[in-house]
Amino acid sequence: MTGDWGGLRTELLDKGYDFQFSYQSESAANINGGFDHDHTARYTDQFNLGGAIDLEKVLGWHEASLQLLITERSGRDITNDRLTDPRTGTIGSSVQENFGRGQTWRISTLAYQQKFFDDVLDIKVGRLPIGSDFDSTGCVFQNNSLCGGLAGHGATVWFNSPVSQWGGRVKVNFTPTVYAQLGVYEYNPTLLDSNNGFKLNTSGQTGNTYLGEVGWTPRLGDAGMAGKYMVGTYWNSATAKDVLEDVNGNDKAITGAPVDQHDGRYGMYAYARQQITTVGGDAKRGLSLFAHFAQYDKKSSTLDWQAQMGAIYAGPFDARPKDALAFGLSEMHVNPALTKNQELQNQANNLIDYNNPRYQPVQHAEYVAEIHYDFQLTPWLMVRPNIQYLAHPGGVYEVDNATVAGLTINTVF
């Protein structure tokens, strides 16, 4: 939007300083359905301030860089306000994905990256969101269940952007298209607190998260149609509470005994995206299909798995070659152990009426669909109207299915 700053931006870039400023807003209105049928709209937004310093140009350090990203979130989310039962809340399908993790300022990235041997070995350390390198799929939908790394949706030990934690990863590029990487990050629940956005010490750390991933990024056919395939796994060393059993292996909702504790928790994920058509041989236009799956620890997680699939058509019209049309589907499956625990709580309290304020709503699964069109109005302005449909918001069958009209606006300054 702001151009070349009278040549200053190009001059700084030539010297190794690349500054980035962007703004994203997401609006949503409940058309019908949901827990609360009172129609309204909500608005959330996020500022991104940062950039990168090429340390080879600035200090002569070969293939080294320093990255910084500071984010600010504000606003309210209609998912919690209208769509889900307040006794349970959302299970990961916020219709405004840039809401949450504390509406505050944060250091989202403060990292040093060093490459060796012509990019064969790549090391990154610092304050990082796990999803910036592992299960990194980007975000092209407004509904959070279709946005970014799934591992961060159901795994409470995995913090995606804007939350960062101390950690690092070592990546080996065996070929230009085949890689493997290992990483370790601190697990510190206090980093979620709104007043800890700039916290740099590790007080409150309860464990570490260890990750491994292998991937393949081919370009198929004469046109070089892009693909991305990866599979990964993780293990967290922090103590985790069982969602169903007590210390004796019995149902805690019945016995009232102390909850069982587990030494760590685990999960895995897999992702595939492949462009399958072009428009006149132009690989920047055409149809891509994607599928994504994540499995979570069945002893301690709200969800036991989540899956998504969809299609993205870039440049659907000759007159609008930079636009895109996308459709996605997602299922968030509640851990059967948690479902059983909720049922047992109601039985123990002799509660059968869903409308009783003391009743514990029983969660099963939530299904989400989103269709949207990206209008790339200028190189710096994208407008994305969308329609979302949520079946059983929050995974509660008693909550009416909901239809939401949304609007995303991305601006790059």
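1. Start with the lining of the second largest pocket in this predicted model. By class, that lining holds 9 nonpolar, 8 polar and 8 charged residues. The pocket encloses about 450 Å³ of space. Its lining counts 25 residues. Nearest the pocket centre lie Arg273, Lys284, Ser288, Ile312 and Ala314.

2. Which strands each supply at least two residues of that lining? They are strand E10 (225–246), E11, strand E12 (286–296), E13, strand E14 (324–334), strand E15 (365–378) and strand E16 (381–391).

3. Now the enclosed spaces. The model has 2 cavities of 30 Å³ or more. The largest cavity has a volume of about 90 Å³. It is lined by 13 residues. Closest to its centre are Thr137, Gly138, Val140, Leu146 and Tyr271. Two elements give two or more residues to this lining: strand E11 (259–275) and strand E13 (303–314). E11 and E13 also each supply at least two residues to the lining of the second largest pocket.

4. What is the class make-up of the lining of the largest cavity? It divides into 8 nonpolar, 4 polar and 1 charged.

5. Next, the packing. The largest nonpolar core has 45 residues. Leu83, Val95, Phe134, Trp158, Leu211 and Tyr234 touch the most other members. E10 gives the largest share of this core, 5 residues. E10 is also one of the strands that line the second largest pocket.

6. Leu211 is a good residue to inspect in the viewer. Which residues does Leu211 contact, leaving aside neighbours within four places in sequence? Among them are Phe134, Trp158 and Tyr234, three residues that, like Leu211, are listed as touching the most other core members. The other contacts of Leu211 are Ile130, Gln181, Leu182, Gly183, Tyr185 and Thr233.

7. Another core lies apart from the largest one. This core has 6 residues, including Tyr354, Tyr359, Val362 and Val399.

8. Last, the overall build. The protein has 6 helices and 17 strands. Its radius of gyration is 22 Å, close to the 22 Å that the globule rule gives for 413 residues, so the protein is as compact as a globular protein of that length. The C-alpha trace spans about 70 × 45 × 40 Å along its principal axes.

9. How much of the protein is buried? Buried residues make up 48% of the 413 residues. As for contacts with a separation of 6 or more, 64% are between residues 24 or more positions apart.

Technical notes:
Residues numbered from 1 in each chain as written. Predicted model: local features only at pLDDT ≥ 70, side-chain atom pairs only at ≥ 80, totals over all residues. Heavy atoms only, no water. 1 Å grid on protein atoms, 1.4 Å probe; cavity = no way out; pocket = protein on both sides within 12 Å on 5 of 7 lines; lining within 4 Å. Points joined across faces, edges and corners; volume = space filled by probe spheres on them. Helix = DSSP H or I, 4+ residues; strand = E, 2+ residues; numbered from the N terminus. Nonpolar A, V, L, I, M, F, W, Y, C, P; charged D, E, K, R; others polar. Core = buried A, V, L, I, M, F, W, Y, C linked by side-chain atoms within 4.5 Å. Buried < 20%, exposed > 50% of the residue type's maximum accessible area, 1.4 Å probe, protein only. Contact = heavy atoms within 4.5 Å. Rg over C-alpha atoms; globule rule 2.2 N^0.38 Å.
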